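I opened a fresh page for this protein and went through it from the whole chain down to single residues. Here is what I looked up, in the order I wrote it down.

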Amino acid sequence: MNLKIAAGPFTFDAKLETEKAPKTCKAFLEQMPFTGKIVHVRWSGEGVWIPLGDHEFGVSYENHTSHPAPGHIILYPGGMSETEILIAYGGVDFSSKMGQLAGNHFITITSNLDQLAELGKMTLWQGAQEIKFEIA
C-alpha cells in the first residue's frame, strides 16, 4: 500500500511495509490520515520525530531496528521512553535519555529522498514542521 507524506514544504511517496510489520501497519492505518508535528531528534543523530507521549498503538516489536536507513520510518511503541515515530534522513543510532531503543520499521519513503536532508536541516534550524500521512 502506498502513502503520501506532506512534511513542511516537501511531499514524499512512501510504501507501508505490510509484510515485514503487519501489526504496526494495521494499527497505523486505523488512525489515517495521521497528522502531527516533527521536531529534530535529541540524541539519535540525523532524524526527525513525532513525540506521541502515552499514545498507544497496541503493538509490540516487529521488524525493529536501532539503525534505520535514510528514508526509513520507525514506530517506537513506548515502554522505556515515550511513544514516537522517527524519520531517518541520515545516520541514526536510535536512543533516548534512557539509552538505546529499537523501533518498528513500517514505512519506507520511495521518492524525493534527496529532500529528506533539507527537511531535517529545516526542522533543526527553523523548528517544528507540520506532517501528514495519507493513503495515496
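**Entry 1: the whole chain**

I began with burial: 49% of the 136 residues of the protein count as buried. A reminder to myself is that this is a predicted model.

Next I listed the secondary structure, and found 2 helices and 11 strands. Read from the N terminus, the order is β-β-α-β-β-β-β-β-β-β-β-α-β. I then checked the radius of gyration, which is 13 Å against the 14 Å of the globule rule for 136 residues, so the protein is as compact as a globular protein of that length. Along the principal axes, the C-alpha atoms fill a box of roughly 35 × 30 × 25 Å.

How much of the contact count comes from residues 24 or more positions apart? I noted 71% of the contacts with a separation of 6 or more.

For the surface, I wrote down an exposed area of about 6600 Å², with carbon and sulfur atoms supplying 50% of it. I also looked at the charges: there are 10 positive and 15 negative ones, and their mean positions lie 1 Å apart.

**Entry 2: strand β7 and its partners**

I moved on to strand β7, which spans residues 84–92. Of its 9 residues, 8 are buried, so I put the strand down as mostly covered.

Which strands pair with β7? I found β4 (residues 45–51), antiparallel over 6 bridges, and β6 (residues 72–76), antiparallel over 4 bridges. To anchor each pairing I picked one bridge. W49 has L86 of β7 as its bridge partner, while Y76 is matched with E84 of β7.

**Entry 3: F34 in strand β3**

F34 sits in strand β3, which covers residues 34–40. Is F34 buried or exposed? Its relative accessible area is 6%; with the cut-off for buried at under 20%, F34 counts as buried.

I listed what F34 touches, setting aside residues up to four places away in sequence: F28, I50, L52, F57, I85, I131, K132 and F133. One of these, I85, falls within the residue range 84–92 of β7. K132 caught my eye as well: F34 and K132 are 98 residues apart in sequence, yet their C-alpha atoms are 5.7 Å apart in space.

Just before the strand, I checked the peptide bonds. The one from M32 to P33 is cis, and its omega is near -10°. P33 belongs to the loop between α1 (22–29) and β3.

**Entry 4: H55, for contrast**

I wanted a second distance to K132, and took H55 from the loop between β4 and β5 (64–65). H55 and K132 are 77 residues apart in sequence, and 17 Å separate their C-alpha atoms. H55 is partly exposed, at 29% relative accessible area. Beyond its neighbours within four places in sequence, I found H55 in contact with Q31 and T83.

**Entry 5: T123 in helix α2**

Then I turned to a helix. T123 lies in α2, which runs over residues 116–126. How accessible is T123? I noted 3% relative accessibility, and T123 therefore counts as buried.

What does T123 contact once its neighbours within four places in sequence are left aside? My list reads I38, V39, H40, V48 and Q129. Three names on that list, I38, V39 and H40, fall in the residue range 34–40 of strand β3, and V48 falls in the range 45–51 of β4.

**Entry 6: backbone angles to revisit**

Last, I went looking for positive phi values outside glycine. N63 has one, at about 50°. N63 is in the loop between β4 and β5, and is partly exposed at 28% relative accessible area.

N112 also shows a positive phi, near 55°. Where is N112? It belongs to the loop between β10 (103–109) and α2. At a relative accessible area of 32%, N112 is partly exposed.

Technical notes
Residues are numbered from 1 along each chain as its sequence is written. This is a predicted model: local features need pLDDT of at least 70, side-chain atom pairs count only at pLDDT 80 or more; totals for chains, interfaces and linings use all residues. Side-chain values use heavy atoms; hydrogens and water are left out. The radius of gyration is taken over C-alpha atoms; the globule rule is 2.2 Å times the number of residues to the power 0.38. Buried means under 20% relative accessible area, exposed over 50%, partly exposed in between (1.4 Å probe, protein chains only). Contact means heavy atoms within 4.5 Å. Accessible areas come from the Shrake-Rupley method with a 1.4 Å probe; for residues, only the protein chains shown count as cover. Lys and Arg count as positive and Asp and Glu as negative; His and the chain ends are not counted. The place of a charge is taken as NZ of Lys, CZ of Arg, CG of Asp or CD of Glu. Two strands pair if DSSP finds at least two bridges between them.
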